[in-house]
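This report describes how helices and strands are arranged in one protein chain. Please look at the sequence and the structure below before reading on.

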Amino acid sequence: MKEEEVNRCQIQEWYPKFKSVSIKTLIHEIPETFVHYLRDDSGPFMLPQSIFGEDALPRRIYNPEEEEDFQVSEGSEDESDQPPSPPSFPEFELGIKESIRTLGGAVFPKLNWSAPKDSAWISTTGNLRCTSFSEITLLLRSSVSLVHDFWHAYESCTDRTPSRPPTFFLALRKWYSSFHPEMEFRCFVRNQHLIAVSQREVTGFYPVLLEKKCDLEILIQDFFEKNVQQNFESVNYTFDVYVTRDKRVKLLDFNPWAPFTLPLLFSWEELQDSFGEEELVQFRVVESQCAVRPSLKTAVPYDYLDTSPGSGWDQFLRRADEELQKQDTHEGKEFLREEVEDH
C-alpha cells in the first residue's frame, strides 16, 4: 500500500468530490496548538476553557472535598503546587460553533480518517452527538481510536516517509436522529471491482436485513457503478454507505485496503484470495442472534459495567431507553424534515 492510497481516504480529500452523494459535512483545519493538546497525555485531563461558558458535562456533581486537593496553603510560593490553567482556543471554538449552527444544531465529529467511536460512552448521550465545542473536545480527547490518525496512519505503507500528515482536519457531519445503524454497510473493492459487502453494525441481529438482502445488494451495486467506480482513484479500498428508508444510498466514508480496516463479517484472507472479480458480490449480514460479533462492540471501561439499580450504567441505559422511545415517536416526521432541509 502506498501513502497516496492512504491519503485519498482522508475526508478532506474525498468529500469535495462526493459531497452530492454524501451527508452534509463542514470541514475545519485544526490549529497546531489544538493538535498538540489532543496528542499530549503528559499532564492532567483538562477540557479547554469555553469562551461561551459551555460545559461538556453540565450535570457534574460538585464535591468541595475534591477541590481541597488543589488548594494551596496560604503563604506558599511554590508555583508547581498551583493547578494548571485550562487551555483555550477561542477562534477555533468560534468557527466550530458557527458550523454546528449551520448543520442544524447537532453534529458528530471525525478527524482525517477516524471518528472517536470508542469514547461515545463518556458523553452525556452515550453516542457521538455533539452540540458544542466542549462536547466535541471531550470525545476527541478521550478517544484511543484517534491514536491511529496521530501516530500510525502510514505504518503499513511501503513508501512511508512522514510519521503524520502535515495538517489535521476536523469534519463536522450533520447528526440525523433517524439514523438506523443496521442500514450501514461496508463495501470491499479489489482491482476496481466490488467483491463483497458486509453489515457494518455486526453486534446485533436485524431480521429486516434478511428480508431486504437482495434489494440492498442491487442498490449498493448500482450506486458503486454510477458514483464510485470511475471516480475514486485507488484500485483496492473499502467504502461505507447508508441506505435510507426511501432506498437512496449515501456515501459515508472511504478506508484503505489494509489490516487496520475492520473486515467485519469477512476475513482479510478471503477478501484477498477467495472471491473472483467476475463472480457475484458476496453480501453478508448477521443471520441469527447466535451469529452476532460482540467482540467488535465499541469498548467501555470495565469498571463502568456495574449494572446494579442506581449505578451509572443502569442510569445510562434508562436514559437511552427514554431517548429511543422519543426518537421512535418522532422518527417519521424528523426524517422527512431533515431530508427536506438538506435539499
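In what order do the 5 strands of the open sheet with mixed pairing stand? The order is S7-S6-S4-S5-S8. Two strands pair if DSSP finds at least two bridges between them. Strands (E, at least two residues) and helices (H or I, at least four) are DSSP runs, numbered from the N terminus.

This is a predicted model, in which local features need pLDDT of at least 70 and side-chain atom pairs count only at pLDDT 80 or more, while totals for chains, interfaces and linings use all residues. Residues are numbered from 1 along each chain as its sequence is written, and side-chain values use heavy atoms, with hydrogens and water left out.

**The two sheets**

In the sheet of 5 strands, the edges are S7 (249-256) and S8 (282-284), each of which pairs on one side only. S4 (residues 184-190) and S6 (residues 237-243) run antiparallel and are joined by 6 bridges. Within this pair, Arg186 stands opposite Asp240 in S6. Helix H8 (residues 207-228) lies across S4, S5 (193-199), S6, S7 and S8, at about 120° to S6. Such angles run from 0 to 180 degrees between N-to-C directions, with axes fitted as lines to C-alpha atoms, for helices over the stretch in contact.

The other open sheet has 3 strands in the order S1-S3-S2, and its pairing is antiparallel. Its edge strands are S1 (25-29) and S2 (107-110). S1 is joined to S3 (residues 169-174) by 5 bridges, and Leu26 has Leu172 in S3 as its bridge partner.

| Sheet order | Average turn between neighbouring strands, direction ignored |
|---|---|
| S1-S3-S2 | 25° |
| S7-S6-S4-S5-S8 | 20° |

**A pair of helices**

H3 (residues 32-39) and H6 (residues 133-142) pack at an angle of about 50°, with axes 9 Å apart. H3 is therefore oblique to H6. Angles under 35 degrees count as roughly parallel, over 145 as roughly antiparallel, 65 to 115 as roughly perpendicular and the rest as oblique. Phe34, Tyr37 and Leu38 in H3 meet Phe133, Thr137, Leu140 and Arg141 in H6; contact means heavy atoms within 4.5 Å.

**Confidence**

The chain has a mean pLDDT of 84, and 78% of its residues reach 70 or more. pLDDT is the predictor's confidence in each residue, from 0 to 100. Over residues 298-308 pLDDT stays under 50, and the model has 18 contacts beyond four places in sequence for them. Where pLDDT is low, the predicted coordinates should not be read in detail.
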